[in-house]
Amino acid sequence: MRWRPWLAAPIALALGGCDFAPRYAPPSVAVPSKFRDETAGGAALPATGAWWLAFNDRTLNELQAQVDAANPDLAAAVAANDEAVARANAALSASYPQVDANPHFLANKQSANRPLRSAGQPTYFGDNLLGAQVAYEVDIWGRVRDLVHSANATAEASADALADARLELHAELARDYVNLRGLDEEAKLFADTIAIYRSALKLTQDRLAANIASPVDVDRAQTQLSSAEAQLSDLTLNRATLENSIAALAGKAAAAFSVSRSSRRLSAPRPPRAVPADVLRNRPDVAESERQTAAASELIGASRANFFPKFTLLALGGTQDTKFRLFDAINLFGSVGPSIDIPLFDAGLRQAELEIAKAQFTQAAENYRATVLRALQEVQDELSSLRWLAEEYDQTTTAAVAARKAADLSLTLYRDGASSYLDVVTAQSAALEAEGLAIALHTRQLTADIGLMLALGGGWSAPPEPRAKPGFAPYLAE
């Protein structure tokens with residue numbers, strides 16, 4: 001619909017003032033009262049600050065501190081926020097009179113033979129001036145006010161973007177660290193398993209030397225051992241890659257950075273019992289999107305105000321003399337009065353600018369709705385992951401314990417000549433697979449915890465609680 005300034009201006013003035021910006025409210029989004037797959041854990045009040053402390057790991061805490069101190073991406077985000085604040089201050093300056101001084105002290109010489117020179121007129125003279133000028137836009141239509149409000153909302157959005165960047169970087173480091181510790185657990189498992197495989201290979205070699213075993217048994221044992229060693233080498237490669245990623249996040253050169261190995265299992269935060277949907281409004285990306293929408297709304301008002309005359313109060317004054325009698329009253333000069341810039345014809349420019357502002361607002365509003373819906377999805381995804389990963393982990397740990405017993409028993413039976421080595425290989429491979437899967441599932445649970453903390457905008461207020469089953473995986477103890 002085309003904007004009609006000739007109708008809007010009298011109505012606005014009759015109501016006691018002009019503000020052509022639409023009355024703003026955050027775009028509405030249907031939000032569920034609760035999420036599916038909530039567990040019987042701790043409360044889900046939003047937490048602020050160092051949410052990674054819930055994992056109870058000193059090395060992780062030290063690395064997270066380095067992110068705040070040395071990460072260049074975070075430093076760039078801080079600079080971007082400083083720029084937005086400076087732009088808001090620049091916009092605010094238009095609300096005040098602009099005062100400029102323009103003194104000059106000049107010595108002039110003119111030609112003695114210049115045309116129209118009067119007899120006795122000097123060829124040398126001074127031009128000394130002390131003057132100042134003041135300009136102030138009378139914001140009748142609220143144009144300056146709307147631009148200031150828009151710049152302030154943009155600065156607030158930048159602060160939210162900074163908080164989101166900080167949250168994302170801390171979460172990325174936490175994920176890399178959790179995966180690295182998972183690889184350390186797997187490496188400990190493979191190191192212990194390789195020791196068992198070496199012992200089994202020695203057993204088959206001794207039995208072959210005593211002519212009570214087939215050479216195939218030795219080959220099978222050697223294959224199993226070499227395969228496990230190769231997988232351990234691959235784990236080492238993956239760990240080095242994660243270690244390099246952590247170095248970059250901590251602002252360190254990868255070549256001079258390392259994280260000591262540890263197979264100690266990380267504590268897991270207790271899952272939240274309930275997640276009220278309104279906590280999503282605390283997410284920095286949701287807040288950033290909402291502030292961008294507010295900024296776009298104010299620009300509509302500024303675009304509408306451009307249809308009306310622009311009133312500026314001007315004042316110019318000072319003192320001027322050919323010599324230095326600048327403080328004599330006769331040398332004073334000045335002028336004061338209004339200046340009016342009246343738009344008459346612009347070939348549709350102002351209308352096009354208004355349509356652009358409206359389209360930008362619609363785009364920002366839809367981006368806000370999309371951000372909220374994405375936030376709801378992320379919370380639901382992580383809650384579902386935690387619920388089903390917990391069940392899968394319990395089932396896998398039961399299988400791992402049984403598989404380890406079967407592997408130990410099969411090796412005993414083989415040693416006593418009551419079983420073939422193929423049974424040993426099958427049982428040991430099943431045990432390694434089940435125990436490795438249990439470690440991987442625990443790592444995925446921790447990653448889902450981090451994902452839920454990220455989805456909620458920085459964790460929740462629940463104390464840490466170990467999730468591992470007592471007595472599981474005897475080969476993982478330090």
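# A walk along the helices

N211 sits in the loop between α4 and α5, and it makes a good place to start reading this predicted model. The phi of N211 is near 60 degrees, a positive value in a residue other than glycine. That deserves a second look, since most residues other than glycine have a negative phi. N211 also counts as exposed, at 69% relative accessibility.

Let us step back and take in the whole chain before following the helices. The protein has 478 residues, and 42% of them are buried. It holds 8 helices and 5 strands, which run from the N terminus in the order α-α-α-β-β-β-α-α-α-β-β-α-α. Among contacts with a separation of 6 or more, 84% join residues 24 or more positions apart. With that in mind, we can look at how some of the helices meet.

Two packed helices are described by the angle between their axes and the distance between the axes. Take α4 and α7 to begin with. Helix α4 covers residues 143-209, and helix α7 covers residues 349-415. Their axes are 11 Å apart, and the two pack at an angle of about 15 degrees. An angle under 35 degrees counts as roughly parallel, and α4 and α7 are therefore roughly parallel to each other. The crossing in which α4 passes α7 is left-handed. On the α4 side, the contact is made by T193, I196, A200, L203, T204 and R207, while α7 brings R404, L411, Y414 and R415. Sorted by class, the contact of α4 with α7 has 5 nonpolar, 2 polar and 3 charged residues. If you trace these residues on the model, it helps to recall that an α-helix has 3.6 residues a turn, so residues three or four places apart point the same way.

T193 is worth a pause here. Is T193 buried or exposed? With a relative accessible area of 2%, T193 is buried, because buried means under 20%. Leaving aside neighbours within four places in sequence, T193 is in contact with R404 and L432. R404 belongs to the α7 side of the contact we have just seen, whereas L432 falls within helix α8, which spans residues 421-455.

That leads us on to α8 and its own partners. The axes of α4 and α8 come within 9 Å and cross at roughly 170 degrees. That makes α4 roughly antiparallel to α8, because angles over 145 degrees are counted that way. The residues of the contact of α4 with α8 divide into 15 nonpolar, 10 polar and 5 charged.

Helix α5, residues 215-249, also meets α8: their axes come within 10 Å and cross at roughly 15 degrees. That makes α5 roughly parallel to α8, and α5 passes α8 in a left-handed crossing. Here D217, R220, A221 and Q224 in α5 meet Y421, L422, V425, Q428 and S429 in α8. In this contact of α5 with α8 there are 4 nonpolar, 3 polar and 2 charged residues.

Now back to α7 and the residues around its ends. Ahead of α7, in the loop between β5 (332-341) and α7, lies A347. A347 has a positive phi of about 60 degrees although it is not a glycine, and at 64% relative accessibility A347 counts as exposed. How many residues does α7 have? There are 67, reaching 92 Å from the first C-alpha to the last, close to the 99 Å expected at 1.5 Å a residue. Within α7 you will find A402, which is partly exposed, with a relative accessible area of 45%. A402 and A431 are 29 residues apart in sequence, and their C-alpha atoms are 8.1 Å apart in space. Just after α7, G417 takes a positive phi of about 80 degrees.

Our last stop is helix α6, residues 284-305. At 1.5 Å a residue, the 22 residues of α6 should span 32 Å, and the end C-alpha atoms are indeed 32 Å apart, which agrees. Of those 22 residues, 19 are buried, so α6 is largely enclosed by the rest of the structure.

Terms used: Residues numbered from 1 in each chain as written. Predicted model: local features only at pLDDT ≥ 70, side-chain atom pairs only at ≥ 80, totals over all residues. Heavy atoms only, no water. Helix = DSSP H or I, 4+ residues; strand = E, 2+ residues; numbered from the N terminus. Expected span 1.5 Å × (residues − 1). Buried < 20%, exposed > 50% of the residue type's maximum accessible area, 1.4 Å probe, protein only. Axes fitted to C-alpha atoms, helices over the stretch in contact; angles between N-to-C directions. Parallel < 35°, antiparallel > 145°, perpendicular 65-115°, else oblique. Left-handed = near helix turned anticlockwise from the far one by under 90°. Contact = heavy atoms within 4.5 Å. Nonpolar A, V, L, I, M, F, W, Y, C, P; charged D, E, K, R; others polar.
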